[in-house]
Structure formats: C-alpha cells, structure tokens
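Work through the exercises below with the sequence and the model open. Each task is followed by a solution in steps.

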Amino acid sequence: DKMYIHEAVKLAVKSGKHIALETLPGIKIFPTNGIDCCVVKEADGSRPCRGWEPQADDLMSDKWKIVD
C-alpha cells in the first residue's frame, strides 16, 4: 500500500516498523519521538545514521510504504 508520509508514520509508530520511499532506494526510516528522532538505516537494517534531510518532493509524495 502506498500512502502519504503522515499516514505511513502513524502506522509505523503503531506497529514498530519502518517507512520507505521508492525514490530513496537502499534506505528505510524508523520514526520515533525519542532523542534519536527519525533513525535512517540501510534497507537491510545495518548502519544506522543520524539525521535525514528530505526534499519537498519526498514529503509530498504519496508513495510511502511500511517495511520491516
């Protein structure tokens, strides 16, 4: 299912999963309200890094999805 970022974040937080976007290949994002904010990881779950600088098109996209 594809959705807007706010819809994907709501489901991801509720289910403890990540969000991903087709135009950001190779990464997934774990949204939190904690000190780490949004944790960006490689798609396989390795190498988390702090920070994420989305482009406006990323935030407006309706192609976000939930991933493990």
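**Exercise 1. Find the two sides of helix 1.**

Step 1. Start with the outer side: His6, Lys10 and Lys14 of helix 1 are exposed. Exposed means over 50% relative accessible area, buried under 20%, and partly exposed in between, with a 1.4 Å probe and protein chains only. Helices (H or I, at least four residues) and strands (E, at least two) are DSSP runs numbered from the N terminus.

The model is predicted: local features need pLDDT of at least 70, side-chain atom pairs count only at pLDDT 80 or more, and totals for chains, interfaces and linings use all residues. Residues are numbered from 1 along each chain as its sequence is written, and side-chain values use heavy atoms, with hydrogens and water left out.

Step 2. Turn to the other side. Helix 1 spans residues 5-15, and Ile5, Ala8 and Ala12 are buried in it. Viewed down the helix axis, the buried residues fall within an arc of 65 degrees, so they line one face of helix 1. The arc is taken from the directions from the helix axis to the C-beta atoms. An α-helix has 3.6 residues a turn, so residues three or four places apart point the same way.

Step 3. List what covers the buried residues: the cover includes strand 1 (18-21), strand 2 (27-31), helix 2 (56-60) and strand 5 (64-67).

Step 4. Check the end of the helix. Gly16 follows helix 1 and has a positive phi, near 70 degrees.

**Exercise 2. Place helix 1 in the largest nonpolar core.**

Step 1. Collect the members. The core has 10 residues: Met3, Ile5, Ala8, Ala12, Ile19, Leu21, Leu24, Ile29, Val40 and Trp64. A nonpolar core is a set of buried Ala, Val, Leu, Ile, Met, Phe, Trp, Tyr and Cys residues joined through side-chain atoms within 4.5 Å.

Step 2. Assign the members to elements. Helix 1 and strand 1 each supply at least two residues of this core, and helix 1 gives the most, with 3 residues.

Step 3. Follow one member. Beyond its neighbours within four places in sequence, Ile19 has contacts (heavy atoms within 4.5 Å) that include Ile5, Ala8, Ala12, Ile29 and Trp64.

**Exercise 3. Describe Cys37 and Gly45.**

Step 1. Locate Cys37: this residue is in the loop between strand 2 and strand 3. Cys37 is not a glycine, yet has a positive phi of about 55 degrees.

Step 2. Classify Cys37. Its relative accessible area is 44%, so Cys37 is partly exposed.

Step 3. Do likewise for Gly45, which lies in the loop between strand 3 (38-42) and strand 4 (49-50). Gly45 counts as partly exposed because its relative accessibility is 30%.
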